[in-house]
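This report describes the fold of a single protein chain and the surroundings of its ligand. Please consult the sequence and the model shown below while reading.

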Amino acid sequence: MQLLQETNADWWEVEALYDLCFAPGREALSSYRLREGVAPVAKLCLLLRDDSGVAAAIRFWPVRIGGHDVLLLGPIAVHPTHQSEGLGGWLMRESLSRAAQLGWARVLLVGDEPYYRRFGFQRLDGVHMPPPTNPARILALALVPGGWDGVRGDVVKYDTPPAPPPHRRSCHGSDAT
Ligand SMILES: CC(C)(COP(=O)(O)OP(=O)(O)OC[C@H]1O[C@@H](n2cnc3c(N)ncnc32)[C@H](O)[C@@H]1OP(=O)(O)O)[C@@H](O)C(=O)NCCC(=O)NCCS
């Protein structure tokens, strides 16, 4: 099994793996709204490949919360014939270690806490994904001490301009002044 950084040539093979592993309509999930039109973090999009193809893959996107850069982890999937062999854990640990080396301070994901807590992810109150998202599935990991301190609010797309300061927001309903 080889650990590789995903290339453009791998894109559709990874998409096929995700289609196989997730329920139909996965792209209707709110996390996909945050990814549309934004480039993934290429150095953190990793896959595990053997002679029969892509066995597992993980991707990351940048998002913002209150002007802070945040890594959104996912999707991650392991081919059904390879699940519970440790490949998911391998991709998680390797990508999170690389994220820390690249200087990212915090990671967010939407997923099953019973699986992700082994990597240090915990529930995080006060951070809101676009609806509909079950708040119990919003999980966070700090890659530096205090990485989530003071980082609260709506998760928005990476290219969303920061909200104007409050005194400019109360312009009686018009910003054309
Ligand atoms: C979830 C997934 C990525 C885990 O990868 P994996 O390679 O199978 O997992 P690992 O081998 O690293 O770990 C296996 C352990 O995780 C547990 N596990 C797997 N999925 C779990 C889940 N959703 N909740 C709780 N535990 C889970 C297994 O029971 C196993 O437990 P054990 O170590 O006590 O035996 C993989 O099963 C998968 O692709 N599932 C379908 C797609 C998916 O749900 N992706 C995650 C979206 S949140």
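Read from the beginning of the sequence to its end, the chain follows the pattern β-α-α-β-β-β-α-β-α-β-β-β-β-α. That pattern comprises five helices and nine strands. The model is predicted. Its mean pLDDT, the confidence of the predictor in each residue, is 91, and 90% of the residues reach 70 or more. Over residues 169-177, however, the pLDDT is below 50, and this stretch has two contacts in the model beyond near neighbours in sequence.

The chain has 177 residues, of which 29% count as buried. Among contacts between residues at least 6 apart in sequence, 67% join residues at least 24 apart.

**Strand E5 and its partners**

How many of the residues of strand E5 are buried? Strand E5 covers residues 106-110, and five of its five residues are buried. In a regular strand, side chains alternate between the two faces of the sheet. In E5 both faces are covered: Arg106, Leu108 and Val110 lie on one side, Val107 and Leu109 lie on the other, and all are buried.

Strand E5 pairs with E4 and with E8. E4 and E5 run parallel and are joined by two bridges; here Leu72 stands opposite Leu108 in E5. The pairing of E5 with strand E8 (residues 138-142) is antiparallel and extends over five bridges. In this pairing, Val110 stands opposite Ile138 in E8. Together, E4, H3 and E5 make a right-handed β-α-β unit.

**The surroundings of the ligand**

Which residues are closest to the ligand? They are Gln83, Gly88, Gly89, Gly111 and Tyr115, within a shell of 16 residues that surround the ligand. Strand E4 (68-78), helix H3 (87-101) and helix H4 (113-116) each supply at least two residues of this shell. Thus E4 and H3 take part in the β-α-β unit and also contribute to the shell around the ligand. By character, the residues of the shell divide into eight nonpolar, six polar and two charged.

**Three individual residues**

Val63 and Ala55 provide two examples from strand E3. Val63 is placed in this strand, which spans residues 53-65, and Ala55 is found in strand E3 as well. A residue is buried if 20 or more other C-beta atoms lie within 10 Å of its own. Val63 counts as buried because it has 22 C-beta neighbours inside 10 Å. Ala55 is likewise buried, because 21 other C-beta atoms lie within 10 Å.

Leaving aside residues up to four places away in sequence, Val63 touches Leu34, Val70, Leu72, Val155, Val156, Lys157 and Tyr158. Leu72, one of these contacts, is the residue that stands opposite Leu108 in E5. With the same exclusion, the contacts of Ala55 include Met1, Leu48, Val78, His82 and Leu87.

Is Gly150 buried or exposed? Gly150 lies in the loop between E8 and strand E9 (153-157). Gly150 counts as exposed because it has 7 C-beta neighbours inside 10 Å, and the limit for an exposed residue is 12 or fewer.

The table lists one residue pair for each of these three residues.

| Residue pair | Separation in sequence | C-alpha to C-alpha distance |
|---|---|---|
| Val63 and Val38 | 25 residues | 9.1 Å |
| Ala55 and Leu17 | 38 residues | 8.0 Å |
| Gly150 and His68 | 82 residues | 9.6 Å |

Conventions. Residues numbered from 1 in each chain as written. Predicted model: local features only at pLDDT ≥ 70, side-chain atom pairs only at ≥ 80, totals over all residues. Near = placed C-beta within 6 Å. Helix = DSSP H or I, 4+ residues; strand = E, 2+ residues; numbered from the N terminus. Nonpolar A, V, L, I, M, F, W, Y, C, P; charged D, E, K, R; others polar. Contact = placed C-beta atoms within 7 Å. Pairing = 2+ DSSP bridges. Right-handed = clockwise from strand over helix to strand, strands pointing away. pLDDT = per-residue confidence, 0-100.
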